[in-house]
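Hi,

Here is the structure I promised to pass on. Have a look at it first, and then read my notes below.

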Amino acid sequence: MTVVELASPYVDTRAEDLRFSLSTQLQPAVAERRVGGLDLRILGASHQVVVLDGPAVGLVETVAYLPQVDTPLPPEHETELYRMTSAVHELDRDELQRWIDESAPRWRGEQTIVARFPGDPLALTVLAAQAGGRSWQSWHVYPQHGQVVHTRTVLGESDDPQERS
């Protein structure tokens with residue numbers, strides 16, 4: 001796991017502000033990590049994942065607050081080579097702290113990048129790739145609104161039933 005303590009201020013956004021795209025150009029990243037055939041990129045309180053090899057090479061998943069992108073983050077988006085699901089969880093501050101404490105062990109490992117933002121210890125963005133670089137998950141914690149946005153993406157057909165749920 002790579003933990004990045006960011007100097008940039010936390011962007012005040014919320015789940016409803018997030019937009020989704022598979023064709024947005026690369027945005028400036030505040031933290032970045034290559035994992036297998038993926039480039040995991042944290043953009044303030046959001047993310048981009050760039051697929052560097054395989055059948056979906058060149059795909060750029062963007063989940064971010066970008067005024068130029070019109071598509072809100074959908075609960076599900078699927079193409080022939082790509083499937084993404086998202087969910088928003090509403091938690092009070094104590095529940096957020098417990099959720100982070102319980103989730104942190106899952107984030108340990110070489111395939112995860114965690115960005116911590118100054119000003120609020122609960123302000124996190126996490127990207128975690130699964131073995132083989134065929135899938136990844138993200139968690140965007142917006143403590144000021146008591147929200148955790150979770151996305152799960154799978155490229156192609158998965159043999160792992162957990163990746164399909």
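Let me start with Arg 19, which has a long list of partners: leaving out residues up to four places away in sequence, Arg 19 touches Thr 62, Val 63, Ala 64, Leu 66, Val 69, Asp 70, Thr 71, Pro 72 and Leu 73. Bear in mind while you look at these that the model is a predicted one.

Arg 19 sits in strand β2, which covers residues 19-21. With a relative accessible area of 23%, Arg 19 is partly exposed, because the buried class ends at 20%. One of its partners shows how the chain comes back on itself: Arg 19 and Thr 71 are 52 residues apart in sequence, yet their C-alpha atoms are 5.4 Å apart in space. The Arg 19 side chain also has a polar atom 3.4 Å from the backbone oxygen of Glu 16.

Now go along β2 to Ser 21, which belongs to that strand too. Ser 21 is buried, at 9% relative accessibility. What does the side chain of Ser 21 reach at 2.9 Å? That would be the backbone nitrogen of Ser 23. The side chain of Ser 21 also makes a polar contact of 2.8 Å with the side chain of Thr 24. Setting aside neighbours within four places in sequence, Ser 21 is in contact with Val 60, Glu 61, Thr 62 and Val 69. Two of those names, Thr 62 and Val 69, will be familiar from the Arg 19 list. Ser 21 also has a pairing to check by C-alpha distance: Leu 73 is 52 residues away in sequence and 8.4 Å away in space.

Here is the overall picture, before I go on. The chain has 165 residues, and 50% of them are buried. It contains two helices and twelve strands. Read from the N terminus, the order is β-β-β-β-β-β-β-β-α-β-β-β-β-α. Of the contacts between residues at least 6 apart in sequence, 57% join residues at least 24 apart.

Next, two more polar residues that are worth a click. Ser 86 is part of strand β8, residues 82-90. Is Ser 86 buried or exposed? It counts as buried, since its relative accessibility is 18% and the limit is 20%. A polar atom of the Ser 86 side chain lies 2.5 Å from the backbone oxygen of Pro 74. Pro 74 also turns up among the contacts of Ser 86, together with Leu 73, Pro 75, His 150 and Thr 151, again leaving aside neighbours within four places in sequence.

The other one is Gln 147, in strand β12 (residues 147-155). Gln 147 is buried, with a relative accessible area of 3%. Its side chain reaches the backbone nitrogen of Ala 15 at 2.9 Å. Beyond residues up to four places away in sequence, Gln 147 touches Arg 14, Ala 15 and Glu 16, then Val 88, His 89, Glu 90 and Leu 96, and finally His 140, Val 141 and Tyr 142.

Then there are the aromatics. How many aromatic pairs does a search of the whole structure find? It finds three. One of them is Trp 99 with Trp 107, an edge-to-face pair at 5.7 Å centre to centre and with 65° between the planes. Another is Trp 107 with Trp 139, which is tilted: the centres are 5.8 Å apart and the planes make an angle of 50°. This second pair links distant parts of the chain, with Trp 107 in the loop between α1 (93-103) and β9 (112-116) and Trp 139 in strand β11 (residues 135-142), 32 residues apart. Taken together, Trp 99, Trp 107 and Trp 139 form one aromatic cluster. Trp 99 and Trp 107 are both buried, with Trp 107 at a relative accessible area of 3%. Trp 139 counts as buried as well, at 5% relative accessibility.

Last, a pocket. The second largest pocket has a volume of about 160 Å³. Its lining is made up of 13 residues, and Leu 43, Gly 44, Ala 45, Ser 46 and Tyr 65 are the ones nearest its centre. By type, the lining has nine nonpolar residues, four polar ones and no charged ones.

Cheers

How values were computed: Residues numbered from 1 in each chain as written. Predicted model: local features only at pLDDT ≥ 70, side-chain atom pairs only at ≥ 80, totals over all residues. Heavy atoms only, no water. Helix = DSSP H or I, 4+ residues; strand = E, 2+ residues; numbered from the N terminus. Buried < 20%, exposed > 50% of the residue type's maximum accessible area, 1.4 Å probe, protein only. Polar contact = N/O pair within 3.5 Å; in protein donor to acceptor, adjacent residues only side chain to side chain. Contact = heavy atoms within 4.5 Å. Phe/Tyr/Trp six-rings, centres within 6.5 Å; stacked < 30°, edge-to-face > 60°. 1 Å grid on protein atoms, 1.4 Å probe; cavity = no way out; pocket = protein on both sides within 12 Å on 5 of 7 lines; lining within 4 Å. Points joined across faces, edges and corners; volume = space filled by probe spheres on them. Nonpolar A, V, L, I, M, F, W, Y, C, P; charged D, E, K, R; others polar.
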